[in-house]
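Please look through the structure shown below, beginning with one helix and moving on to the cysteines that come before it in the discussion of cross-links.

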Amino acid sequence: MRMSTSMSARTAAAVGLSVAALGLGTAAPATAAPAHTSATATATAGYVAKSAESDASRAFFEAVVKSVAEKRAANPRAAAVTVVYDASGAPTFSAQIARSTQIWNSSVSNVQLQQGSNADFTYREGNDPRGSYASTDGHGNGYIFLDYAQNQEYDSTRVTAHETGHVLGLPDHYEGPCSELMSGGGPGPSCTNPNPDANERSRVEQLWANGFAAAMDKALHKVAAAR
């Protein structure tokens, strides 16, 4: 992800983390397996991860924001911010990623996902006993990891759309019903809903409204000044 040095420094100060993971794991992520092989451990039951308002959740979103702020500043009158992703690292889930992108692009208008080069975030695949997750080092290097075993137990499109929801700024809410995308695996494997509900769509729209970049920049200045 490309970003200005000043924006990167302010975001890093606000996050204060070296590694963050959220969505489907309680510890730092392991290296993704390079090939599709059988899982050697059972994936975590449900989408068990950090709390909804964890530093990890903010870190992943702010890593994407660094790039988005530059895009908004370069074209402040644009109807929507385009967030670019690279799915080449998760060929097994290409159909689910494409479907997840279609779902989000049809659900919101202030931000749109687009596959391409110079990506803001990437998708990866492999085996990890902690399941799928979204991860970043807090410096713009974000990715979504999709675990083979968990995507066999749970609806794969829901898992992919859920993790992509983190990129768009939504936190986990495991206590929610199946109708909430960010309830993840809370409702159990029988839940196959891959669509965000009205409240989730509204929150993303608000986050990515035209004034969001300026608001985030102001907030980061405030955090830095308080330190």
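**The two sides of α6**

On one side of α6, opposite its buried residues, Asn199 and Gln206 are exposed, as judged in what is a predicted model. The buried residues of this helix are Glu200, Val204 and Leu207, and because they cover an arc of only 65° around the axis, they are placed on the same side of α6. Asn199 also takes part in a contact at the start of α6, where a side-chain oxygen of Asp197 reaches to within 3.1 Å of the backbone nitrogen of Asn199.

From the helix, the reader can turn to the cysteines. A disulfide is a covalent bond between the sulfur atoms of two cysteines. With a cut-off of 2.5 Å between the sulfur atoms, the count in this model comes to one disulfide, and this disulfide joins Cys178 to Cys191, with an S to S distance of 2.0 Å. Both Cys178 and Cys191 lie in the loop between α5 (156-167) and α6 (198-207), so the pair ties together parts that are 13 residues apart in sequence. The link of Cys178 and Cys191 is right-handed, with 90° about the S-S bond.

How do the two cysteines stand in accessibility, buried or partly exposed? Cys178 counts as partly exposed because its relative accessibility is 27%, a value in between the limits of 20% for buried and 50% for exposed. Cys191, by contrast, has a relative accessible area of 4% and is therefore buried.

How values were computed. Residues are numbered from 1 along each chain as its sequence is written. This is a predicted model: local features need pLDDT of at least 70, side-chain atom pairs count only at pLDDT 80 or more; totals for chains, interfaces and linings use all residues. Side-chain values use heavy atoms; hydrogens and water are left out. Helices (H or I, at least four residues) and strands (E, at least two) are DSSP runs, numbered from the N terminus. Buried means under 20% relative accessible area, exposed over 50%, partly exposed in between (1.4 Å probe, protein chains only). The arc is that of the directions from the helix axis to the C-beta atoms. A polar contact is a pair of N or O atoms within 3.5 Å; within protein, one must be able to donate a hydrogen and the other to accept it, and residues adjacent in sequence count only if both atoms are side-chain atoms.
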